[in-house]
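Student: Could we go through this model together? I would like to see how each label is earned.
Tutor: Gladly; let us look at it first.

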Amino acid sequence: VFKELDSATNVAYGEAVNIKGEKETLLLDVVMPKNDSLKYRPLVLFIHGGGFKNNSKNGSFSSMLCNSFARKGYVSATIDYRLGVEKSGFDSGKKASTNGDYAEALYRAQQDGKAAIRFFRKNADKYGIDTAQIFITGSSAGSMTCLAMAYMDEGQVPSLIDRNKWGTLDGESGNPGYSSRVHGVMNAWGAVPDLNWLQPGEAPLYNVSGTE
């Protein structure tokens, strides 16, 4: 539909304490149709994969997806989030990451993702977003994050997570006072740790996976 696109890069959407105990500024990129005649468009937010340890918002897959959706008339965005998996356990005498460490890495990522959703609700007029049409997608660990954002409720937070250390489900990564609700999930080869998170009446889910 649109041949030309506008973009904004390295926009700060919040900050949060990472596993080093340092405050980390959280950044995102936005891509949108250029010379759009409509005031508001649906939002698609992309969250990258990398096992919660590496990669960033800038990648070939995120670029392809965000540009493709923007050309079709969506506002699209890709975010960075707090990376890192702590090593609180031991394996063969060496420090190793436990299931709890990975659960907390997912927890931090979803807190940041929720802050990004709140950022776009807060700045809906600036970016031309229809806040009744907010969708999330990602790849691998990013899609795991999307699933947790959409379906994990406050009463379903795994007991493995140190909530005294990492806070509430919505977290404190930024933009309080706005909803982090989403209206649909496109899951690209991510997993949900607990199927009980999925309940009738929640956001629709579209799954993509493969064997290669």
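Student: How do you know that the length of helix α1 agrees with what its number of residues should span?
Tutor: This is a predicted model, and in it α1 covers residues 60-71, twelve residues. At 1.5 Å a residue, counted for one less than the number of residues, they should span 16 Å, and the end C-alpha atoms are 16 Å apart, so the two agree.

Student: What makes us say that the buried residues of α1 line one face of the helix?
Tutor: The buried residues are Ser62, Leu65, Cys66, Phe69 and Ala70. Looking down the axis of α1, you find them within an arc of 125°, so they line one face. A general rule helps here: an α-helix has 3.6 residues a turn, so residues three or four places apart point the same way.

Student: Which exposed residues sit on the face turned away from that buried side?
Tutor: Ser60 and Met64 do.

Student: What covers the buried residues of α1?
Tutor: The cover includes β1, β2, β3, β4, β7 and β8.

Student: Why is Cys66 called buried?
Tutor: Buried means under 20% relative accessible area, and Cys66 has 3%, so the word applies. Cys146 has 0%, so it is buried as well.

Student: How do you know that Cys66 is in no disulfide?
Tutor: A disulfide needs two cysteine sulfur atoms within 2.5 Å. For Cys66, the nearest cysteine sulfur is that of Cys146, 11 Å away, so the cut-off is not met. The structure as a whole holds zero disulfides.

Student: What makes helix α2 largely enclosed by the rest of the structure?
Tutor: Of its 24 residues, 21 are buried, so the description follows. You can also check the length of α2, residues 99-122: the expected span is 34 Å and the end C-alpha atoms are 35 Å apart, which agrees.

Student: Now the sheet. In what order do its strands lie?
Tutor: It is an open sheet of seven strands in the order β1-β2-β4-β3-β7-β8-β9.

Student: Why are β1 and β9 said to stand at the edges?
Tutor: Each of them, β1 (5-17) and β9 (205-208), has a single partner strand, so one side of each is left without a neighbour in the sheet. On average, neighbouring strands of this sheet are turned by 20° against each other, direction ignored.

Student: What makes the pairing mixed?
Tutor: Strands of a sheet can pair in either of two ways, parallel or antiparallel. Here β1 and β2 are antiparallel, over ten bridges, and β2 and β4 are antiparallel too, over four. By contrast, β3 and β4 run parallel with five bridges, β3 and β7 run parallel with six, and β7 and β8 run parallel with five.

Student: Which residues could I look up to see these pairs?
Tutor: Between β1 and β2, find Ser7 opposite Val31; Val31 also has Ser76 in β4 as a bridge partner. Phe46 stands opposite Thr78 in β4, Arg41 is partnered by Ile129 in β7, and Thr137 stands opposite Met186 in β8.

Student: What lies between β1 and β2 in their hairpin?
Tutor: Five residues do, and in that turn Gly21 has a positive phi of about 80°. Gly73, which follows α1, has a positive phi too, near 105°.

Student: And where does helix α4 lie?
Tutor: Helix α4, residues 141-151, lies across β3, β7, β8 and β9, and runs at about 140° to β7.

Terms used. Residues are numbered from 1 along each chain as its sequence is written. This is a predicted model: local features need pLDDT of at least 70, side-chain atom pairs count only at pLDDT 80 or more; totals for chains, interfaces and linings use all residues. Side-chain values use heavy atoms; hydrogens and water are left out. Two strands pair if DSSP finds at least two bridges between them. Helices (H or I, at least four residues) and strands (E, at least two) are DSSP runs, numbered from the N terminus. Axes are lines fitted to C-alpha atoms, for helices over the stretch in contact, and angles run from 0 to 180 degrees between N-to-C directions. Contact means heavy atoms within 4.5 Å. Buried means under 20% relative accessible area, exposed over 50%, partly exposed in between (1.4 Å probe, protein chains only). The arc is that of the directions from the helix axis to the C-beta atoms.
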